[in-house]
Amino acid sequence: MSLPARVATLVVAFLAVVAGAIFVVIHFLLAGPPTVDYSAGVTPNQGHVVNVVLQEDPQNTVSNHPDWVSYFIQDPRTKEWVHTTLFKVPAGSIVHVTILGYDGCTPLRNPYWGRITGTIGGVEYVNGKAVSVLDSYSQCSVGHTFRIPGIGLNVPVASPTSLAANSNLCGTSPCTSGPHTVVTFSFHTPTTPGSYFWQCMIPCGLGYLDGFGGPMQTLGFMTGEMEVVG
């Protein structure tokens, strides 16, 4: 093989390695969970109503962390469940949230997290019943929490309470059947755009220090972000 041909071969090989490295960085290191858009076609600050639907599962069988608890969000257009904790809503709107609680109960570390704050009316509805607090000590009744500290929102997500239900939880995510609760609540979004961090406050990262590692600190599982757009 001539020298020019060898040089050309080496250049091609080098470019192939560089392209592979760029692909890995973009698709694996920089890629994050998708954002479900509830703002499409809605004019901000016009008092519009949007309906956000989530579910929280005892496992996550669609990722490489099958033993991690996880949230899923329903795409408003396709009705498909998306493995993500990122969603977008319009500014100055009313958000009606439905959370399907498929995970079992875990006592709250602090009873404060059992108080409902920041919702319209100061309540959430558990299977249709209005409550202003969930006591996870008198009855094992809380699976996770949905908390957006930037707007003062804290909602404990009720769980199945019976031993039989907690022993027969859904085993494949996203869940489509099995024991669960239906939690609904509403809140107002801010009138100015911004990003608002949210997280579950129950330490459900088993095997991690104090239970707050793993899924608890990873986007797409128990930590997320609400993007308010203008």
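Me: In this predicted model, why is C204 called buried?
Reply: The relative accessible area of C204 is 12%. Buried means under 20%, so C204 qualifies.

Me: What makes C200 count as buried?
Reply: C200 has 0% relative accessibility. The cut-off is under 20%, so C200 is buried.

Me: Why is there no bond between the sulfur of C204 and the closest cysteine sulfur, in C200?
Reply: The two sulfurs are 4.2 Å apart. A disulfide needs them within 2.5 Å. The sulfur of C204 is therefore too far from that of C200 for a bond. Seen from C200, the closest cysteine sulfur is in C204.

Me: How do you know that a disulfide joins C105 to C140?
Reply: The S to S distance is 1.9 Å. The limit is 2.5 Å, so the pair is a disulfide. The link is right-handed, with 110 degrees about the S-S bond. C105 lies in the loop between β6 and β7, and C140 in the loop between β8 and β9. They are 35 residues apart, in distant parts of the chain.

Me: Why are C105 and C140 called partly exposed?
Reply: C105 has a relative accessible area of 22%, and C140 has 25%. Partly exposed lies between 20% and 50%, so the term fits C105 and C140.

Me: What makes C170 and C175 a disulfide?
Reply: Their sulfurs are 2.1 Å apart. That is within 2.5 Å, so the pair counts. This link is left-handed, at -100 degrees. C170 and C175 are buried.

Me: How many disulfides does a search of the whole structure find?
Reply: Two. Their pattern is 1-2, 3-4, counting bonded cysteines along the chain.

Technical notes: Residues numbered from 1 in each chain as written. Predicted model: local features only at pLDDT ≥ 70, side-chain atom pairs only at ≥ 80, totals over all residues. Heavy atoms only, no water. Helix = DSSP H or I, 4+ residues; strand = E, 2+ residues; numbered from the N terminus. Buried < 20%, exposed > 50% of the residue type's maximum accessible area, 1.4 Å probe, protein only.
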